[in-house]
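Reader: I have the chain on my screen and want a close look at one part. Please start from a single residue and its contacts, then take me to the sheet and the loops. Keep it brisk.

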Amino acid sequence: MSLPKDDAAELSARWTEGVLLKRDVFSTVERGRFRSGTGEVDAVLRRLDEVPWWSFLLARHLFAREKHALARAKGLDVGPELLWAGQRALVRGFVDGAALHLAKPHDDLAYFRSAKAMLRRLRRAGICHNDLAKEQNWLVGRDGRAYVTDFQLAACFDRRGRLYRILAYEDLRHLLKHKRSYAPEALTPRERKILAKKSFAASLWLATGKKVYRAITRGLFNFTDREGGGRRLVNDAPVLTALIRKNPAVRDTAIVAFADRRSGVGLYAFVEADQTALEGELRNELAAAKGPKPPEHIQVVHALPRDTSGKPRTEILQLVAMNQLDLIEPMMKNDQDRAFLKDILEQRKNLRDRFNFEADLPAS
């Protein structure tokens with residue numbers, strides 16, 4: 001399914017292709033640059049031309065909801081600004097920051113104060129996001145403030161009726177769930193009370209609608225969205241991890257997903273070992289095991305970046321796999337992490353789908 005001629009002509013003249021962020025049965029999302037009235041800016045494009053016919057009606061409905069909500073939110077400074085919208089494609093501004101599950105703002109009280117203020121601005125504009133349970137939809141800006149993205153499920157209201165109040169309450173409750181994860185000691189008594197009380201609509205959704213939603217998306221649409229990784233990250237990655245760890249030269253491994261223009265979702269395995277020439281041996285072993293399709297990329301590193309508990313920092317590895325290297329530098333916590341970044345820049349494998357986002361990184 002191709003884009004309408006007007007959409008295609010506008011994008012041809014104003015859009016510079018960059019990094020593919022996500023592709024599923026509802027849209028293709030990529031990061032690049034857009035020529036606006038004030039010059040070229042970093043931006044994100046959502047397009048429907050690669051959506052299969054059987055999901056197109058739902059995809060178009062979600063697209064229309066996002067288009068409407070972004071237009072209504074313009075100037076509120078709550079997330080990406082709508083830069084241009086056509087019939088089956090739209091361009092929104094790029095927020096310089098990382099998703100909540102990548103940035104992990106532990107004990108960052110200023111972030112959660114800004115998140116509450118941002119929700120109040122949305123509420124005054126009559127916008128309910130409706131998808132804030134996902135950490136991927138919360139952004140930690142480089143300025144430290146909270147932003148939200150992905151307005152495909154958003155609802156806009158001209159009057160603050162009962163449905164609006166229920167949805168706004170659930171948006172707040174989801175924010176407080178994230179606050180409980182990252183700054184539990186900062187929860188106020190009133191916030192704890194809100195967390196303990198789901199709205200009737202939310203309880204009904206969990207008991208009925210969510211089961212139907214999962215049956216449709218995971219069964220009919222074969223769609224799983226764990227950090228954008230889909231079914232390969234959920235089903236194949238654990239099996240591949242176990243197989244790779246059987247090699248005696250391997251100390252540890254971590255597998256993350258990335259959007260791939262050819263296959264949709266690719267897997268990238270980072271393997272901690274001293275033998276840098278281990279990749280070929282591992283590929284042969286994975287092929288011989290006749291298990292899931294091997295990762296598209298296997299990179300051997302001397303040391304994986306780790307958090308204080310010793311677990312691999314998959315949030316950094318995820319950004320490397322997605323070629324969003326400019327978002328990594330603010331997440332470097334120590335010299336060990338910076339040494340890993342230097343090593344990864346020199347040796348990374350996913351070079352086919354990249355863009356010039358590396359200007360601010362330390363020289364290698």
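Author: Start with Val300. Leaving aside neighbours within four places in sequence, Val300 touches Val271, Ala273, Gln275, Thr276, Leu278 and Glu279. Keep in mind that this is a predicted model. Val300 sits in strand β13, which covers residues 297-301. Is Val300 buried or exposed? Its relative accessibility is 12%, so Val300 counts as buried, since the cut-off for buried is under 20%. One more pair helps you place this residue. Val250 is 50 residues away from Val300 along the chain, yet their C-alpha atoms are separated by 9.2 Å.

Stay by β13 for a moment. The loop between α9 (279-289) and β13 holds Lys290. Lys290 is not a glycine, but its phi is positive, at about 55°. Its relative accessibility is 77%, so Lys290 counts as exposed; the exposed class begins over 50%.

Asp77 also has a positive phi. The value for Asp77 is about 60°, and Asp77 is not a glycine either. Look for Asp77 in the loop between α2 and β4. Asp77 has 33% relative accessibility and therefore counts as partly exposed.

That loop leads to the sheet. The sheet is open and has 5 strands. Read across it, the order is β1-β2-β3-β5-β4. The pairing is antiparallel. Which strands stand at the edges? They are β1 (15-23) and β4 (82-85). Each has a single partner strand, so one side of each is left without a neighbour in the sheet. From one strand to the next, the twist averages 25°. A general point applies here. Strands of a sheet pair through backbone hydrogen bonds, either parallel or antiparallel.

Now go through the pairs, beginning with β2 and β3. Strand β2 spans residues 28-36 and pairs with β3 in the antiparallel sense over 9 bridges. A hairpin of 2 residues joins β2 to β3. To find a matched pair, go to Ser36, which stands opposite Gly39 in β3.

Next comes β3 with β5. These two strands run antiparallel and are joined by 5 bridges. Leu45 has Val91, in β5, as its bridge partner.

Then take β5 with β4. Strand β5 covers residues 89-93. It runs antiparallel to β4, and 3 bridges join them. Here Ala85 stands opposite Leu90 in β5. For reading the side chains, another general rule is useful. In a regular strand the side chains alternate between the two faces of the sheet.

A helix also belongs in this view. Helix α2, residues 56-72, lies across β3 (39-47), β4 and β5. It runs at about 40° to β5.

Last, look at the surface. What makes the nonpolar patch of about 410 Å²? Met1, Trp53 and Trp54 make it. Met1 belongs to the segment before α1 (5-14). Its relative accessibility is 44%, so Met1 counts as partly exposed.

To retrace the route on your screen, go from buried Val300 to exposed Lys290. Then move to Asp77 in its loop between α2 and β4. Follow the sheet in the order β1-β2-β3-β5-β4. Finish at the patch made by Met1, Trp53 and Trp54.

Methods:
Residues are numbered from 1 along each chain as its sequence is written. This is a predicted model: local features need pLDDT of at least 70, side-chain atom pairs count only at pLDDT 80 or more; totals for chains, interfaces and linings use all residues. Side-chain values use heavy atoms; hydrogens and water are left out. Two strands pair if DSSP finds at least two bridges between them. Helices (H or I, at least four residues) and strands (E, at least two) are DSSP runs, numbered from the N terminus. Axes are lines fitted to C-alpha atoms, for helices over the stretch in contact, and angles run from 0 to 180 degrees between N-to-C directions. Contact means heavy atoms within 4.5 Å. Patches are made of residues with over 30% relative accessible area and no salt bridge: like charges are joined within 9 Å, nonpolar side chains (Val, Leu, Ile, Met, Phe, Trp, Tyr) within 5 Å. Accessible areas come from the Shrake-Rupley method with a 1.4 Å probe; for residues, only the protein chains shown count as cover. A salt bridge is a side-chain nitrogen of Lys or Arg within 4 Å of a carboxyl oxygen of Asp or Glu. Buried means under 20% relative accessible area, exposed over 50%, partly exposed in between (1.4 Å probe, protein chains only).
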